[in-house]
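The following paragraphs lead through one protein chain, beginning with its overall make-up and then turning to a sheet, a helix and a group of aromatic rings. Please keep the sequence and the structure in view while reading.

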Amino acid sequence: MLQYLYNFGTNFTYMGLFGPSKSTRIIEQLTAQVNQMASLMNTRISGMTVFPTYSVTDNAERYCTTDDVYSIVRMIATAAASIPIYNYIKNGSKLDDAPEGNELSLLLETPFEGMSSYESFYKIYATRLVQGECILYKERPELGPNRGKLTRLIYMEPQSVNIIVSDTWPRKIIAYQYAPEGRVVLDNIKPEDIIHMKYFNPKVSFTGNELRGLSPLAVLKRRLTRVDSNNDVATAQLQNGGVPGIVYDKTPASATAGDLINKRKDNFYKYLTNSANKGAPFFTGNELGYIELGLKLVDMQVTELANIDFKSLCNAYGVSARLFNNDSTGSEHSDTNARVSLYTNAVIPEVKSVVDCLNMGLVPEFKGKNYKLNYDTSEVSELQDNLKDMVLWLEKAWWLTPNEKREMMDYDLSTEPLFDQYLLPQSLQTVEDFENIDIELTDDYAKPIK
C-alpha cells in the first residue's frame, strides 16, 4: 500500500498532469506522509509491547501490608532522602556552586508537583527498593514561553508502565506506554523523554524482562511466603490461647449429665469473676479430667523462625537486623557499626545511583549550562568517625599526592600545581643518604670493650 502511494505520486509527474513546481510540491507532501506512516508502522511492527507482571502489583501491596518490608524500606528511603543533592557547574576538573535561582536547582526543590524535595526523593528511593525500578516522565509544554523545555518530572508507577521492546539484537526499549488501571494515558513515549532508574536484572527472556529492574521482593518471594505462613500460625495460636484445654467428667454418664455440666460451668464462671475468690481453690463433687489443646508458641518455634526470616530480609537489602530493635546481644560498638553499614552498604549506593541517572537523563536537558549534580554526606553523623580516621591515615600517606587524597575523600581535584606533587616529610631519608653521613667518632667509641 505504501509503495503504491509512492508510485502513484511519481507517475503523476511523469505523465505531466501537473506543472513542474506543483508536481514537485505534491510529490514532497506525499513522500513525507508515506515516510511518517512507514515510520509509525515499523515502530509497532518491529517492536513488542511488554506488560508488567502481576508481581509488580503484588510488590506494592506487600509494602503496604507487611510490616517487616515496610520497616526496612522506610529506614533506607528515609536516610537516603535526607542526604541533600546539590547542583554545581563544572569548571574543568573543579565543581563550583551553581548560581542561586537556576532552573535545575528550582526543579530539584519540587521535582513532583505538590511535593517537596524530600517527599519526591523518598518516593523515588522507596519505589526502587520495592519495585526494583523508578520511571519518570519529562514534561515539556507544547505552548507558551516554556514550549519544548523541561518544566517538571511526572512520576509513573512501574505497575502502570508498558514497554515496547525491539525485536532485533541488542534488545532495547524503543518506546514507553503509560496506562494506569489499563487506560492508556500516554502512548509511544520516546526513550529520551523518560528517566528509567533500575536495578540489574540478569533474567533474560524473549519478551525483554531484562530491560525492567529486578525487585528485591522478587528475590525474597519464597521467604515472604514463609513469613505469611508464620504470621498465620502465630495468629491462630494466639487466638486458640483462650481455650487451653477440655475439662471432662470421669464419672459414668447419666441422663442429667448435660444439665450438670452446664451448671458446673456456670458456677465455675461465677467463681472466677468474683474477685474475693482469687487464689482460693474451686470445689466440685465429681472426679474431673483435663485434655490440653494445641501447642505452645515455644513448641512451634514461630518466634525463632520469624527472626531468621527477618534477618534474611535485612540481608537482601544490605542492612543489619540490629537496627530494628531486635534482642540480639552485643556491644554499643556493634550498634555503631550497624549504623555505619546502613549508609555504606545501602543508603549511599542508592543515592549515588539516582544521582548518576539524573546526571545522564536530566542534566543534558539544560544545554549550555554545564551543570552536574552531586550529593553531600558531610552532615551524616554516622560517617564522621570514619572520616576522622581517614584524615589521620591520609596525613601519614606521603606516597599520595594531595589531589589523590582529595579524590579519596570525594572532593574535587584542585588546579594548584602543588597538589599534583608528592610532599615528603622532612624526617624521611633514603638509604644512600644515610650511608653518606659522616659520623665523627669520639673517645668513647675508640676505647676497647672490656
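Of the 450 residues in the chain, 31% are buried, a figure that belongs to a predicted model. The surface that the chain exposes comes to about 30000 Å², and carbon and sulfur atoms supply 55% of it. When the contacts with a separation of 6 or more are considered, 62% of them are accounted for by residues 24 or more positions apart. The secondary structure of the chain consists of 16 helices and 12 strands.

Among these elements is an open sheet of four strands, in which the pairing is antiparallel and the order is β1-β6-β7-β8. Because β1 (47-50) and β8 (186-189) stand at the edges and have a single partner strand each, one side of each is left without a neighbour in the sheet. On average, and with direction ignored, neighbouring strands of this sheet are turned by 20° against each other. In general, the strands of a sheet pair through backbone hydrogen bonds, in either a parallel or an antiparallel manner. Strand β7 (residues 173-178) and β8 run antiparallel and are joined by two bridges; in one pairing, Tyr178 has Leu186 in β8 as its bridge partner.

Helix α6 (residues 117-131) can be checked against the span expected of a helix. At 1.5 Å a residue, its 15 residues should span 21 Å, and since its end C-alpha atoms are 21 Å apart, the expectation and the model agree. The helix is mostly covered, with 11 of its 15 residues buried, including Phe121, Tyr122, Ile124, Tyr125, Leu129 and Val130. The buried set also takes in Ser120, Thr127, Arg128 and Gln131. After α6 comes Gly132, whose phi is positive, near 85°.

The last part of the picture concerns aromatic rings. In general, a pair of such rings is described by the distance of the centres and the angle of the planes. The structure holds eight aromatic pairs. For Trp393 and Trp399, the ring centres are 6.3 Å apart and the planes stand at 80°, so this pair is edge-to-face, given that planes over 60 degrees apart are classed in that way. Trp393 has a relative accessible area of 43% and is therefore partly exposed, and Trp399, at 43% relative accessibility, likewise counts as partly exposed. Through ring pairs, Trp393, Trp398 and Trp399 are linked into a cluster.

Technical notes. Residues are numbered from 1 along each chain as its sequence is written. This is a predicted model: local features need pLDDT of at least 70, side-chain atom pairs count only at pLDDT 80 or more; totals for chains, interfaces and linings use all residues. Side-chain values use heavy atoms; hydrogens and water are left out. Two strands pair if DSSP finds at least two bridges between them. Axes are lines fitted to C-alpha atoms, for helices over the stretch in contact, and angles run from 0 to 180 degrees between N-to-C directions. The expected span of a helix is 1.5 Å times one less than its number of residues. Buried means under 20% relative accessible area, exposed over 50%, partly exposed in between (1.4 Å probe, protein chains only). Contact means heavy atoms within 4.5 Å. Accessible areas come from the Shrake-Rupley method with a 1.4 Å probe; for residues, only the protein chains shown count as cover. Rings of Phe, Tyr and Trp (its six-membered ring) pair if their centres lie within 6.5 Å; planes under 30 degrees apart count as stacked, over 60 as edge-to-face and the rest as tilted.
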